Amino acid sequence: MLRTLNAAPLLHRGTVPCKRLAPYGERVHVYLDVSGSLTQLVPALFGAVLASREWVHPVVHQFSTKVADISLKDMLAGKCITTGGTCIECVGQHMQKHAVRRAVLVTDGFTGKPGELTRRAMQRALIGVALTPGNRTRTDLEEVADHWTDLEL
């Protein structure tokens, strides 16, 4: 329209150089709750982790009452290893054994309170907790979480 009035257009077609957000530093370890209470959300949670794979450690730690390490490729194929229950102790032991210093726990928060050794091991790391939609709690992990976020569908 501006051209018909012999005026310069306000917007031009073309490209604008801009910086793309790129990952740097150590990738974060993801501990993904795959207990029975989250069965319906597992496909969506897998998708969210895979969409963030540039920032995620190449091995994802699925947990219920045991931790199962799976590759992002296996996760893409839908591999899910669970015992059905939930216990945070296995996460703390895994973090200590593998010297994990940055982690995100994706859970509904119903993990049980960590025991003394687990609490100390987890407090040595920077831990973010992403609470799944619906019925969730912060009570069990309040002593070990450094950051919280509430996920929505």
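A residue counts as buried when its relative accessible area is under 20%, as exposed when over 50%, and as partly exposed in between (1.4 Å probe, protein chains only). By that rule, buried residues make up 37% of the 153 residues in this chain.

The model is predicted, so local features need pLDDT of at least 70 and side-chain atom pairs count only at pLDDT 80 or more, while totals for chains, interfaces and linings use all residues. Residues are numbered from 1 along each chain as its sequence is written, and side-chain values use heavy atoms, with hydrogens and water left out.

Let's start with the overall layout. The chain has 4 helices and 6 strands, where helices (H or I, at least four residues) and strands (E, at least two) are DSSP runs numbered from the N terminus. Their order from the N terminus is β-α-β-β-α-α-β-α-β-β.

Now look inside. A nonpolar core is a set of buried Ala, Val, Leu, Ile, Met, Phe, Trp, Tyr and Cys residues joined through side-chain atoms within 4.5 Å. The largest one has 18 residues, and Val30, Leu32, Val49, Val60 and Met75 touch the most other members. These elements each give it two or more residues:

| Element | Residues |
|---|---|
| β1 | 29-33 |
| α1 | 42-51 |
| α2 | 72-76 |

The biggest giver is α1, with 5 residues. A second, separate core of 17 residues includes Phe63, Leu105, Ala125 and Leu141.

Finally, meet helix α3 (residues 89-97), whose buried residues are Cys90, Val91, Gly92, His94 and Met95. Among the elements covering them are β1, β2 (59-63) and α4 (116-123). After α3 comes Ala99, with a positive phi near 50°.

Conventions:
Contact means heavy atoms within 4.5 Å.
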